[in-house]
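Reader: I have a structure in front of me and do not know how to read it. Where should I begin?

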Amino acid sequence: MPATQVDRHYGNPGIAERILAALGAANGADAAVTPETLAPIDHFHGRGVAATGELVALLDPQPGEHILDIGSGIGGPARWIAARCGCRVTGVDLTPEFCAAAETLNAATGMVDRVTILEGSALDLPLFDASFDRAIRRMSR
Ligand SMILES: C[S@@+](CC[C@H](N)C(=O)[O-])C[C@H]1O[C@@H](n2cnc3c(N)ncnc32)[C@H](O)[C@@H]1O
């Protein structure tokens, strides 16, 4: 799918703000915002966090490794993997609004030092070769 069509499909302003408002309404305004509490909302694929868990079991990330998440969306899987496995995760996504939401949610969960988001395309990754230990890709076709 061309980049403009991907953004038109997914792009939507204020995503993180609406998620945080919904989480506050559900859990209470003072409730912790963590990769776990966000998990019902921010794993943007079929079967949500359960499918992420199965993928992580196959990927088997090790503490201290640097994982690449291609098509990282609003960053739910990236934060969850970083928190669960003790790794750093860099996510790359084509949709600017998703990257902005991911960065806001990284800050809300206190994970900016563990999860980095880059806006870019899987077809021309803004990264050096061989700079990651493992990679996942979960994008629309
Ligand atoms: C269904 S969402 C999945 C998001 C995330 N992987 C998750 O599971 O929560 C698909 C994502 O792929 C991204 N995407 C689609 N084509 C892409 C491309 N060529 N390069 C980078 N990201 C792309 C979209 O912007 C969208 O965020």
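Author: We will take the ligand, some helices, the backbone angles and a few pairs of residues in turn. Bear in mind that this is a predicted model.

Reader: Start with the ligand. Which residues come nearest to the ligand?

Author: Phe44, His45, Gly71, Asp93 and Thr95 come nearest, out of 20 residues around the ligand. By class, that shell has 8 nonpolar, 9 polar and 3 charged residues.

Reader: Which backbone atoms lie close to a nitrogen atom of the ligand, and at what distance?

Author: Look for pairs of N or O atoms within 3.5 Å, which count as polar contacts. For glycine 71, a backbone N or O atom lies 2.6 Å from a nitrogen atom of the ligand. For alanine 122, a polar backbone atom is 2.8 Å from a ligand nitrogen. For arginine 138, the distance from a backbone N or O atom to a nitrogen atom of the ligand is 3.1 Å. The ligand taken alone exposes 600 Å², and the protein buries 93% of that.

Reader: Now the helices. What should I look at in helix H4?

Author: Begin with its span. H4 covers residues 48–59, which is 12 residues, and reaches 17 Å from its first C-alpha to its last. That is close to the 16 Å expected at 1.5 Å a residue.

Reader: Which residues of H4 are buried?

Author: The general idea comes first. An α-helix has 3.6 residues a turn, so residues three or four places apart point the same way. In H4, the buried residues are Gly48, Ala51, Thr52, Val56 and Leu59. Seen down the axis of H4, these buried residues fall within an arc of 140°, so they line one face of the helix. Ala57 and Leu58, on the other side of H4, are exposed.

Reader: How many residues of helix H5 are buried?

Author: In H5, residues 76–85, 8 of the 10 residues are buried, so the helix is largely enclosed by the rest of the structure. The buried ones are Gly76, Pro77, Ala78, Arg79, Trp80, Ile81, Ala82 and Cys85.

Reader: There is an arginine in that list. What does the side chain of arginine 79 contact?

Author: Arginine 79 is found in helix H5 and has a relative accessible area of 0%, so it is buried. Its side chain is joined to that of asparagine 106 by a polar contact of 2.9 Å.

Reader: Next, the backbone angles. What is the usual sign of phi?

Author: Most residues other than glycine have a negative phi. A positive value in another residue is therefore something to look up in the model.

Reader: Where does arginine 47 lie, and what is its phi?

Author: Arginine 47 lies in the loop between helix H3 (35–42) and H4. Its phi is near 65°, a positive value in a residue other than glycine. Arginine 47 has a relative accessible area of 55%, so it counts as exposed, the cut-off being over 50%.

Reader: And what about alanine 130: where is it, and is it buried or exposed?

Author: Alanine 130 is in the loop between strand E3 (115–119) and strand E4 (134–137). It is exposed, with a relative accessible area of 84%. Alanine 130 also has a positive phi, about 55°, although it is not a glycine. By contrast, the residue that follows H5 is a glycine: glycine 86 has a positive phi near 70°.

Reader: Last, distances. How far apart in space are threonine 116 and arginine 88?

Author: Separation along the chain and separation in space are two things to read one after the other. Threonine 116 and arginine 88 are 28 residues apart along the chain, and their C-alpha atoms are separated by 8.1 Å. Threonine 116 is in strand E3 and is partly exposed at 37% relative accessibility.

Reader: How far is alanine 135 from proline 61?

Author: Alanine 135 and proline 61 are 74 residues apart in sequence and 9.4 Å apart in space, C-alpha to C-alpha. Alanine 135 is in strand E4, and at a relative accessible area of 44% it is partly exposed.

Reader: What is the distance between alanine 16 and arginine 88?

Author: Their C-alpha atoms are separated by 21 Å, with the two positions 72 residues apart along the chain. Alanine 16 lies in helix H2 (residues 15–27) and is buried, at 0% relative accessibility.

Definitions and conventions:
Residues are numbered from 1 along each chain as its sequence is written. This is a predicted model: local features need pLDDT of at least 70, side-chain atom pairs count only at pLDDT 80 or more; totals for chains, interfaces and linings use all residues. Side-chain values use heavy atoms; hydrogens and water are left out. A residue is near a molecule or strand if one of its heavy atoms lies within 4 Å of it. A polar contact is a pair of N or O atoms within 3.5 Å; within protein, one must be able to donate a hydrogen and the other to accept it, and residues adjacent in sequence count only if both atoms are side-chain atoms. Accessible areas come from the Shrake-Rupley method with a 1.4 Å probe; for residues, only the protein chains shown count as cover. Ala, Val, Leu, Ile, Met, Phe, Trp, Tyr, Cys and Pro count as nonpolar, Asp, Glu, Lys and Arg as charged, and the others, Gly among them, as polar. Helices (H or I, at least four residues) and strands (E, at least two) are DSSP runs, numbered from the N terminus. The expected span of a helix is 1.5 Å times one less than its number of residues. Buried means under 20% relative accessible area, exposed over 50%, partly exposed in between (1.4 Å probe, protein chains only). The arc is that of the directions from the helix axis to the C-beta atoms.
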